[in-house]
Amino acid sequence: MIKTAILGYGTIGSGAAEVLEVNKEVIKQRVGEEISLAYILDRKDLSGDPRAGLVTTDFDKILNDDEVKIVIETMGGTGAAYTFVKAALEAGKSVATSNKALVAKYGTELMEIAREKNVSFLFEASVGGGIPIIRPLYDALGGDEIEEISGIMNGTTNFILTKMAKEGSDFDEVLKEAQSLGFAEADPTDDVEGYDAGRKISILTSIVSGKQVNFEGVHMEGITGITAEDMKYALVLDRAIKLVATSKKTDKGYYAIVSPVMLSDSHPLYPVNGVFNAIFVKGNMLGDSMFYGSGAGKLPTASAVIADVVNIAKNMGRHIPYVWSGEELALLNYEDMTRKFFVRASGDIKEREAEITSLFGDVAFVEASGLKGEFGFVTEEMTEKSFADKYEKLADKITRIRLG
């Protein structure tokens, strides 16, 4: 029997306990022995919970129990979670985590400790929720040079944007609905400002580059500025607005960016709606592939955590080498990336055509039904820097959105 402990009994932690119980026999068959839950570290009063007898507030109790071989960290954040995970690894216990903030900030250090102690630090659930992506990048695509990763990596923002597009609702209205349904936190900043997706794309870029990526170096823009009017233009253009995290490899290095993008109806991410996530990967040999599924939620994410637990248990006594070097990867300036842009501006097309074409060159103008006193246009492909300079000079502008 292999004993485990769960740190943090919230949505994902309780889900991990449920997966261990419900799939007990399947897990036993795959591992070759039973995996049991010995402790739950949490400060909440869990009276009445069937697992209340496993609860402790004393981490040392877990740390000093030599029979606990695997620690499941679902606390979140980089405070106590970092302290406890580091201590567990140093004590010779393997760790499976869903904590993308922890991996993005301390992944290099924690993986190195795991290597030195001949244990494992796995984090499949930190990116994409229930979608397997980290293991495929390391194993199934280990022989490919990954040229691009682009994904819808945040279920909250995808739910909000999907509802806005389908119902013509405003951002604030749909955010409140998402919060009432449990799809958005009381403080949704990490999701709606793109920070969550930024951490995830930094982890994936670290994996494919083999170097540490500081997520704060990723250019991140959120969806708080997207409006119902923007959605009307997207409909006219046969496009969908999504929050997309992208990492691209060039001859000079890697770009990484998170921002709202108007995707064409031929783009593989275009039909991904609701709380679902999808991650598009382009390899130099494989070509295009996409990983699609539940990107968030209690049981999908918990399933990914327990998959790591099973992997650790099957390799007990040896280190599973998920690692990138401690050398920091200097990301290229996103302003050198090239793309087309959609722009909204006030006024009449005929009156402003000469002004706009003199600034942006050949553009395609567009109008949306029911929107008076404004219009939109799509630019030619240009660098982010060139566009920003031109956009700064444009009078009576309303907004701009990247095209993909």
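**Notebook: two pockets and a helix pair**

I looked up the lining of the second largest pocket and found that its residues divide into 11 nonpolar, 3 polar and 5 charged. The model I am reading is a predicted one.

I then noted the space in the second largest pocket, which is about 370 Å³. This pocket is lined by 19 residues, and A165, K166, L235, R239 and A240 are the closest to its centre. I traced the lining to its elements: helix 7, helix 11 (228-236) and strand 10 (239-249) each supply at least two residues.

I turned next to the largest pocket, in which about 1,200 Å³ of space lies. I recorded 42 lining residues there, with I12, K100, E185, D191 and D196 closest to the centre. The lining of the largest pocket comprises 11 nonpolar, 19 polar and 12 charged residues. Among the helices that each supply at least two residues to this lining, I listed helix 1 (11-22), helix 5 (100-116) and helix 7 (155-167). I added helix 9 (189-192), helix 10 (195-209) and helix 12 (298-314), for which the statement also holds.

My last entry concerns a pair of helices. I found that the axes of helix 2 (residues 24-31) and helix 12 come within 9 Å and cross at roughly 35°. I noted the crossing of helix 2 and helix 12 as right-handed. On the helix 2 side I listed I27, R30 and V31, which meet I306, V310, A313 and K314 in helix 12. I recorded the make-up of this contact as 5 nonpolar residues, no polar ones and 2 charged.

Conventions. Residues numbered from 1 in each chain as written. Predicted model: local features only at pLDDT ≥ 70, side-chain atom pairs only at ≥ 80, totals over all residues. Heavy atoms only, no water. 1 Å grid on protein atoms, 1.4 Å probe; cavity = no way out; pocket = protein on both sides within 12 Å on 5 of 7 lines; lining within 4 Å. Points joined across faces, edges and corners; volume = space filled by probe spheres on them. Helix = DSSP H or I, 4+ residues; strand = E, 2+ residues; numbered from the N terminus. Nonpolar A, V, L, I, M, F, W, Y, C, P; charged D, E, K, R; others polar. Axes fitted to C-alpha atoms, helices over the stretch in contact; angles between N-to-C directions. Left-handed = near helix turned anticlockwise from the far one by under 90°. Contact = heavy atoms within 4.5 Å.
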